[in-house]
Structures are given as structure tokens and as C-alpha cells.
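Colleague: I should like to learn how to read a model of this kind step by step. Could we begin with the whole chain and then turn to its details?

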Amino acid sequence: MAMENFKHFLVVLSVAAAAGLVSIIFVLRWVLHFREGLAWDGGPAEFNWHPVLMVIGFIFLQGTAIIVYRIPWTWHRSKLMMKFIHAGLNLLAFTLAVVSMVAVFDFHNAAKIPNMYSLHSWVGLAAVILYGLQLVLGVGMYLMPFTPASWRAAFMPLHVYGGLFLFTSIIAVALMGITEKLIFSLSDPKYKDSPPEAIFVNVLGLLLVVFGALILWIATRKSWKRPSEQILHTLHTDGGVEDSSKVGPALSQLSDVPNEETCGDVRKRSCKLDDQPN
Ligand code: HEM
Ligand code: HEM
């Protein structure tokens with residue numbers, strides 16, 4: 001990555017990290033200061049695990065997993081190691097989302113509130129199920145050594161699109177959840193009267209939008225992609241990869257599609273190298 005490009009990357013990454021971390025602080029303050037706190041007792045404090053674990057796991061950890069290949073100081077690490085980190089973070093995000101769903105179902109059943117009546121719950125459950133599918137297919141395609149390279153390449157556009165679509169949908173689901181929770185729980189004064197909790201939690205929603213927008217920006221810049229293994233190998237033997245800022249723009253352009261995808265075009269030779277789970 002050229003120096004100028006590297007600086008832009010650092011700025012966007014820092015703002016994204018700040019928005020994500022502040023969102024976590026905000027959701028914790030919401031449930032601990034404005035709401036009933038956290039507990040596992042079938043009551044409202046059990047419900048509160050739902051937004052907390054969704055923001056930490058399904059939004060922050062998933063966003064991190066998505067951009068982990070893009071971080072230049074990981075480029076000297078093997079592709080296999082980065083796949084494990086990407087898959088591991090996604091698995092952790094999924095696990096926290098499932099625990100968060102158990103919390104809300106448990107709370108609903110204990111309080112005799114019906115399940116699955118809202119648009120939030122419909123889109124949310126669909127996202128969790130499809131995310132589980134994406135995880136299983138990701139492991140099957142990119143971690144199983146016997147999966148043919150041609151399958152990996154053919155599936156990569158769907159994997160990337162599916163991942164970005166799910167991440168975006170999950171932010172939208174969180175915004176719906178936040179809005180309905182504020183409408184349900186603020187009574188005197190009401191949501192429409194803008195009490196401090198409403199303003200505070202609206203800001204949480206804005207932070208999630210900013211975090212999502214920046215993660216999508218990072219994940220869609222061609223010049224910020226992890227270079228192919230072949231190029232990294234060449235640089236490594238030349239001693240160039242230690243300083244990632246020296247990786248020039250020409251390099252990034254050579255590798256402007258996900259590595260597994262390069263099999264589809266004239267760069268067939270580099271595909272063979274990249275698909276080795278090395
Ligand atoms: C309920 C998913 C985030 C608030 C539900 C339910 C699902 C779900 C499937 C239905 C549970 C049941 O019927 O018993 C998700 C997903 C999220 C998310 C995938 C990922 C971001 C949030 C957030 C809030 C929230 C951030 C903010 C407080 C609620 C509320 C309910 C609920 C109030 C109960 C009412 C209803 O069923 O719509 N959520 N949720 N959710 N969620 Fe979320
Ligand atoms: C790339 C999402 C699970 C392997 C990507 C990208 C996204 C994504 C958005 C594009 C990143 C970029 O262009 O830099 C997801 C989601 C998952 C998931 C949401 C879970 C639900 C997995 C799993 C594996 C995997 C389990 C298995 C190792 C890969 C590989 C790439 C990739 C090899 C290409 C990286 C590159 O060459 O630049 N994933 N992924 N993914 N993912 Fe996943």
C-alpha cells in the first residue's frame with residue numbers, strides 16, 4: 001500500500017474502531033444506567049443481554065472479522081492463519097448472537113409475551129439463520145483442503161456479497177430493535193417527548209450507522225485489499241513486506257479481486273498459489 005493510501009486506511013480504520021467501541025460503551029450505559037441492568041432471571045434484565053450481545057458480537061465482532069484481511073500489518077502472516085482469525089471471529093459473533101436470542105425468547109416466554117410477531121424479529125431471525133449458513137459454507141469452501149480451487153473461486157463473489165449484505169441487514173435490524181424498544185419502554189415522558197434516554201439511544205443508533213458505513217468502505221476499496229500470496233511471497237524474498245507502507249499501488253491493482261476469485265481470469269497461475277490453505 002502506498003504511503004498516502006496507508007494513511008487514509010489508518011484514518012478510516014481508527015474512526016471505525018472508535019465508533020464501534022463507543023457503541024459498546026453506549027449500549028452498556030443504556031442497560032446499566034437507564035434500564036434494569038444485566039441478569040439471567042427471566043426478567044427485563046435478562047432481555048438486556050439481547051442488545052448488549054448483538055452490538056458486541058453481531059455488529060462489532062462481525063465488522064472486525066470482515067476487515068481483518070485488510071489490515072496491512074497482518075499481511076506477512078500466512079493466509080491460513082488469517083482465515084482462522086476471520087472464521088474464528090465470525091464464529092464468536094454467531095455464538096453471541098445465539099445467546100442473545102436465547103435471552104429474548106426466555107424473557108418473552110417467562111412474561112407470556114408472544115414470540116416472532118415483529119418485522120424486527122422476522123428479519124433478525126432470517127439474518128441469524130443465513131449467517132449460520134454463510135459460516136458453514138465458508139468453512140466448507142475455504143478451510144477444507146479437499147475443496148477444489150475452482151469451487152472456491154466460483155463461490156467467492158457470493159461469499160463476499162452475502163457477507164456484506166448480512167452485515168448491512170443486521171445493522172438495519174438493530175436500528176429497528178432500538179426504535180421499538182424505546183417506543184415500548186418510554187412512557188412518562190414518552191419517546192416523542194425526547195427524554196434523555198431517547199436522545200442517548202438515538203445517538204447509539206447513529207454510531208452503529210457510522211460504524212457500518214466505514215466497515216463497508218474499507219471492505220470495498222480495491223487498493224486496500226490483501227495482496228495475493230504470490231506477490232507477498234515475491235516481496236518477502238526481496239525483503240519488502242516487512243514495511244507494509246512500501247507495498248505500492250501497482251501491487252494493489254494486481255490483486256483487486258478476492259484471491260480465490262482470481263482463478264476466473266487470466267491470472268490463473270496466482271490462483272493456484274492462493275488457494276493453497278497456506
Ligand atoms: C426481539 C433479533 C438487535 C430489541 C428479537 C427477536 C429476534 C431478534 C429474532 C424475536 C424474539 C422473540 O420473538 O422472542 C435481533 C437481531 C439483532 C437484534 C438479529 C441484531 C442486531 C436488537 C437490538 C435491540 C433489539 C440492538 C435494542 C434494544 C428487541 C426487542 C425485541 C426483540 C425489543 C422484542 C420485541 C420483538 O420481538 O420484536 N430480536 N435483534 N434487538 N429485539 Fe432484537
Ligand atoms: C472474505 C464475510 C465466514 C473465508 C470475506 C469478505 C467478507 C466475508 C465480507 C470480503 C473481505 C475482503 O474483501 O477483504 C464473511 C462472513 C462470514 C464468513 C459474514 C460468516 C458468517 C468465512 C469462513 C471462512 C471464510 C468461515 C473460512 C475460512 C474467507 C476468505 C475470504 C473471505 C478466504 C477472501 C479473503 C481475501 O482473499 O481477501 N468474508 N465470511 N469466510 N472469507 Fe469470509
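Modeller: The turns below go from confidence and fold to the metal sites, and then to the loops.

Colleague: What is the average pLDDT of the chain?

Modeller: This is a predicted model, and confidence is the first thing to consult. The chain averages a pLDDT of 88, and 84% of the residues score at least 70. The stretch of residues 239-278 falls below 50 in pLDDT, yet has 91 contacts in the model beyond near neighbours in sequence.

Colleague: How many helices and how many strands does the chain have?

Modeller: One counts the elements and then reads their order. Here there are ten helices and zero strands, so the order from the N terminus on is α-α-α-α-α-α-α-α-α-α.

Colleague: What share of the contacts comes from residues 24 or more positions apart?

Modeller: The contacts to consider are those with a separation of 6 or more, and residues 24 or more positions apart account for 73% of them. As for burial, 49% of the 278 residues count as buried.

Colleague: Let us turn to the metals. Which residues coordinate the iron atom of ligand 1?

Modeller: One looks for the donor atoms, then for their angles. The protein donors listed for the iron atom of ligand 1 are the NE2 atoms of H50 and H120, at 1.9 to 2.0 Å. The six donor atoms make angles of 88 to 179° with one another, and the site is octahedral. H50 belongs to helix α3 (residues 49-67) and H120 to helix α5 (residues 119-142), so this pair ties together parts that are 70 residues apart in sequence.

Colleague: With which ideal angles should one compare such a site?

Modeller: For six octahedral donors the ideal angles are 90 or 180 degrees.

Colleague: Are H50 and H120 buried or exposed?

Modeller: Both H50 and H120 are buried.

Colleague: Which residues are closest to ligand 1?

Modeller: A ligand is read through its shell as well as its metal. Ligand 1 is surrounded by 25 residues, the closest being H50, N115, S118, H120 and E180. Specific atom pairs add detail. A polar side-chain atom of S118 is 2.4 Å from an oxygen atom of ligand 1, and one of H108 is 2.8 Å from an oxygen atom of this ligand. For H50, a polar side-chain atom lies 2.8 Å from a nitrogen atom of ligand 1.

Colleague: Which residues are the protein donors of the iron atom of ligand 2?

Modeller: The same reading applies. H86 and H159 each offer NE2, lying 2.0 Å from the iron atom of ligand 2. Angles among the six donor atoms run from 86 to 179°, and this site too is octahedral. H86 sits in helix α4 (residues 79-110) and H159 in helix α6 (residues 149-185); the pair, 73 residues apart, links distant parts of the chain.

Colleague: Why do H86 and H159 count as buried?

Modeller: The cut-off for buried is under 20% relative accessible area. H86 is at 14%, and therefore counts as buried. H159 is at 13%, and is therefore buried as well.

Colleague: Which helix gives the most to the shell around ligand 2?

Modeller: Helix α5 does, with six residues. Elements that each supply at least two residues of this shell include α3, α4, α5 and α6. Of the 25 residues around ligand 2, the closest are R70, K79, H86, H159 and K225. The side chain of R70 has an N or O atom 2.8 Å from an oxygen atom of ligand 2, while for K225 the corresponding distance is 2.7 Å.

Colleague: Finally, the backbone. Where does the cis peptide bond lie?

Modeller: Omega is the angle to inspect. The bond that joins D188 and P189 is cis, with omega of about 5°, and P189 lies in the loop between α6 and α7. S194 is found in the loop between α6 and α7 as well.

Colleague: Which sign does phi have at S194?

Modeller: Phi is positive at S194, about 50°, although this residue is not a glycine. S194 is partly exposed, at 44% relative accessibility. K112, also not a glycine, has a positive phi of about 55°. K112 lies in the loop between α4 and α5 and is exposed, with a relative accessible area of 74%.

Methods. Residues numbered from 1 in each chain as written. Chains lettered and ligands numbered in written order. Predicted model: local features only at pLDDT ≥ 70, side-chain atom pairs only at ≥ 80, totals over all residues. Heavy atoms only, no water. Donors = N, O, S within 2.8 Å, 3.2 Å for Na, K, Ca; no water. Tetrahedral: all angles 85-135°; square planar, octahedral: opposite > 155°, others 65-115°. Helix = DSSP H or I, 4+ residues; strand = E, 2+ residues; numbered from the N terminus. Buried < 20%, exposed > 50% of the residue type's maximum accessible area, 1.4 Å probe, protein only. pLDDT = per-residue confidence, 0-100. Contact = heavy atoms within 4.5 Å. Near = heavy atom within 4 Å. Polar contact = N/O pair within 3.5 Å; in protein donor to acceptor, adjacent residues only side chain to side chain.
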